[in-house]
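Trainee: I should like a close look at a single part of this model, namely the pairing of its charged side chains. Please place that part within the chain as a whole.

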Amino acid sequence: MTTTLLLGFLAGIGFGFALHRAGFSRCNLVHRGLWLRDFTMLKVMLTAIVVSLIGVGVLSALSPELVHWKVKPLYLWGVIAGGFIFGVGIALGGYCPGTAVVGLGSGIGEAILAVVGGLMGALAFILVYPWLKPIFIEPANLGKITIPSVLGLPVLPVALTFALMLMGVIWWLTRLERRMRERADAPVQK
């Protein structure tokens with residue numbers, strides 16, 4: 001095993017353990033989020049995006065040789081259809097791929113079904129890809145685009161602007177949760 005794989009393996013175990021300790025191995029966390037009752041999952045995802053935006057943005061400005069952009073082509077119809085199917089899968093199973101693996105590691109039955117369902121979906125996509133590619137995927141291929149390339153701006157200011165916007169969303173969601181808790185805890189007037 002190479003050092004890179006070993007470090008990735010250890011980082012994955014550490015990240016999975018942190019997710020498990022934070023309660024992400026249970027599918028009800030996603031379901032409460034979809035019912036707009038608990039924004040924990042959304043805030044964690046947004047925080048991860050903010051950290052990534054700032055980290056990659058600063059790294060690309062200070063040491064661009066260390067950043068290896070692997071931008072994939074934007075297949076518009078594929079992204080829309082894939083996002084829809086992915087969202088339905090998350091709503092039905094209560095897991096995203098990462099939390100499903102965490103649930104699987106915790107021995108939770110629903111997570112086992114979610115992982116098996118995800119693998120079957122991936123297999124189905126592989127099997128139908130040759131038929132989908134010419135009629136559904138390639139016609140709306142917008143190429144390898146990024147937001148900075150579309151705006152014609154350097155990466156760092158764009159990354160920091162989006163990070164600030166997402167931090168504002170996290171702050172707003174936290175306030176909204178607090179207000180919802182206060183309403184739920186308020187005594188009922190007769």
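Mentor: Let me fix one term before turning to the pairs: a residue is buried under 20% relative accessible area, exposed over 50%, and partly exposed in between, with a 1.4 Å probe and only protein chains counted. The model is a predicted one, in which local features need pLDDT of at least 70 and side-chain atom pairs count only at pLDDT 80 or more, while totals for chains, interfaces and linings use all residues. Residues are numbered from 1 along each chain as its sequence is written, and side-chain values use heavy atoms, without hydrogens or water.

The setting comes first. The chain holds 8 helices and 0 strands (DSSP runs of H or I with at least four residues for a helix, of E with at least two for a strand, numbered from the N terminus). Read from the N terminus, the order of elements is therefore α-α-α-α-α-α-α-α. Along the principal axes, the C-alpha atoms occupy a box of roughly 60 × 40 × 40 Å. Of the 190 residues in the chain, 20% are buried.

Now to the charges. Side chains of opposite charge can pair when their charged atoms come close. The rule applied here asks for a side-chain nitrogen of Lys or Arg within 4 Å of a carboxyl oxygen of Asp or Glu, and it yields 3 salt bridges.

The pair to examine in detail is E177 with K43, whose side chains meet in a salt bridge at 2.6 Å, N to O. E177 belongs to helix α8 and K43 to helix α3 (residues 40-62), so this pair ties together parts of the chain that lie 134 residues apart in sequence. What is the accessibility of each partner? E177 has a relative accessible area of 10% and is buried; K43, at 16%, counts as buried as well. A second description of this region comes from L173, which also lies in helix α8. The C-alpha atoms of L173 and K43 are separated by 7.6 Å, although their positions lie 130 residues apart along the chain. L173 counts as buried, with a relative accessibility of 4%. K43 thus appears both in the salt bridge with E177 and in the C-alpha pair with L173.

The second salt bridge joins the side chains of R32 and D38 at 2.7 Å, N to O. R32 is partly exposed at 33% relative accessibility, whereas D38 is buried at 12%. L36 has its place in the loop between α2 (28-34) and α3. Most residues other than glycine have a negative phi, and most peptide bonds are trans. The phi of L36, in contrast, is positive, near 55°. L36 counts as exposed, because its relative accessibility is 55%.

In the third salt bridge, the side chains of E138 and K133 meet at 3.7 Å, N to O. E138 is partly exposed with 42% relative accessible area, and K133 is partly exposed with 32%.

Two further features complete the picture. On the surface, L76, W77, I80, I135, F136, L142, I145, I147, V150, L151 and L153 make up a nonpolar patch with about 1,000 Å² of accessible area together. Such a patch takes residues with over 30% relative accessible area and no salt bridge, joining nonpolar side chains (Val, Leu, Ile, Met, Phe, Trp, Tyr) within 5 Å; areas come from the Shrake-Rupley method with a 1.4 Å probe, and for residues only the protein chains shown count as cover. Two or more of the patch residues come from each of α4 (76-93), α6 (109-137) and α7 (147-151). I147, which is found in helix α7, is partly exposed at 44% relative accessibility.

Helix α5 (residues 97-105) has T99, A100, V102 and G103 as buried residues. Viewed down the axis of α5, these residues fall within an arc of 160°, so they line one face of the helix (the arc is that of the directions from the helix axis to the C-beta atoms). V101 and G105, which are exposed, sit on the face turned away from the buried side of α5. G103 has a relative accessibility of 0% and so counts as buried. The C-alpha atoms of G103 and P187, which are 84 residues apart along the chain, are separated by 37 Å.

Technical notes:
Patch = residues over 30% accessible without salt bridge, like charges linked within 9 Å, V, L, I, M, F, W, Y side chains within 5 Å.
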